[in-house]
Amino acid sequence: ENMNGVYTISNSIHSKPFNTDYSSYENVEYFDVYSPPITSKYGEVYWTMMPEVPLDESIVKRFNGKVMAIVGYETDQVFRTPAGDKSVPITWAYNHHYIAYLKGNLSELRQATPEEAHKFGHQQGSMVWHTFMQDN
């Protein structure tokens, strides 16, 4: 079962809706990735590019030079406790601007120039992050 329940995709362009029950796919696995701790005070906004968080080395080795198909991802804000992760109540920390970037060893993540951003569908002049193939 999905961590956050049923997901509905309202703009599916396919005649058959996309199946968001990730556990129903054959040979599907999951892995957890944790960001560094984030602390904030009531009413504060935390909206910044965070440092890179590497995937577990076993995942990196397993898919080195191969393709990994990601059928979905879920996010949760948690308190890490000795008894295990405990979800942060949504009334304590509302997170609706979450973006995750995943890149391979032949790509780099960098801020796009305003011209590049426009090619990717962003407003002309936008400063956005994007994954690019490495030059070398």
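In which strand is the place of S107? In this predicted model, S107 sits in strand β3, which covers residues 107–111. This residue makes a friendly starting point for a tour of the structure. With a relative accessibility of 7%, S107 counts as buried. A polar atom of the S107 side chain lies 3.0 Å from the backbone oxygen of G104. Once neighbours within four places in sequence are set aside, the residues in contact with S107 are T131, F132, M133 and Q134.

Before going further, a word on confidence is helpful. The chain has an average pLDDT of 82, and 90% of the residues score at least 70. Confidence is highest in helix α1, with a mean of 94, and lowest in helix α2 (residues 114–119), with a mean of 82. As a general reading guide, predicted coordinates should not be read in detail where pLDDT is low.

Attention now turns to charged side chains. Side chains of opposite charge can pair when their charged atoms come close. How many salt bridges does a search of the whole structure find? The search returns four, and three of them can be described here, beginning with the pair E29 and R62. The closest N and O atoms of E29 and R62 are 2.7 Å apart. E29 belongs to the segment before α1 (57–62) and R62 to helix α1, so this salt bridge ties together parts that are 33 residues apart in sequence. The two partners are set differently with respect to the surface: E29 is exposed, at a relative accessible area of 55%, whereas R62 is partly exposed, at 39%.

The other two pairs have R110 as a partner. One is the salt bridge between E108 and R110, in which the closest N and O atoms are 3.7 Å apart. The other joins the side chains of R110 and E116, with 3.0 Å from N to O. Through these shared partners, E108, R110 and E116 form one network of salt bridges. Are the members of this network buried or partly exposed? E108 is partly exposed, having a relative accessible area of 30%, and R110 is also partly exposed, at 27%. E116, in contrast, has a relative accessibility of 18% and counts as buried, because the cut-off for that class is under 20%.

Helix α1 offers another residue to look at, I59. Is I59 buried or exposed? Its relative accessibility is 12%, and I59 therefore counts as buried. Apart from neighbours within four places in sequence, I59 is in contact with F31 and M68. The positions of I59 and F31 are 28 residues apart along the sequence, while their C-alpha atoms are 8.7 Å apart in space.

The segment before α1 also contains N27, a residue with a notable backbone angle. Most residues other than glycine have a negative phi. N27 is not a glycine, yet its phi is positive, at about 55°. As for its surroundings, N27 is exposed, with a relative accessible area of 76%.

Technical notes:
Residues are numbered from 1 along each chain as its sequence is written. This is a predicted model: local features need pLDDT of at least 70, side-chain atom pairs count only at pLDDT 80 or more; totals for chains, interfaces and linings use all residues. Side-chain values use heavy atoms; hydrogens and water are left out. Helices (H or I, at least four residues) and strands (E, at least two) are DSSP runs, numbered from the N terminus. Buried means under 20% relative accessible area, exposed over 50%, partly exposed in between (1.4 Å probe, protein chains only). A polar contact is a pair of N or O atoms within 3.5 Å; within protein, one must be able to donate a hydrogen and the other to accept it, and residues adjacent in sequence count only if both atoms are side-chain atoms. Contact means heavy atoms within 4.5 Å. pLDDT is the predictor's confidence in each residue, from 0 to 100.
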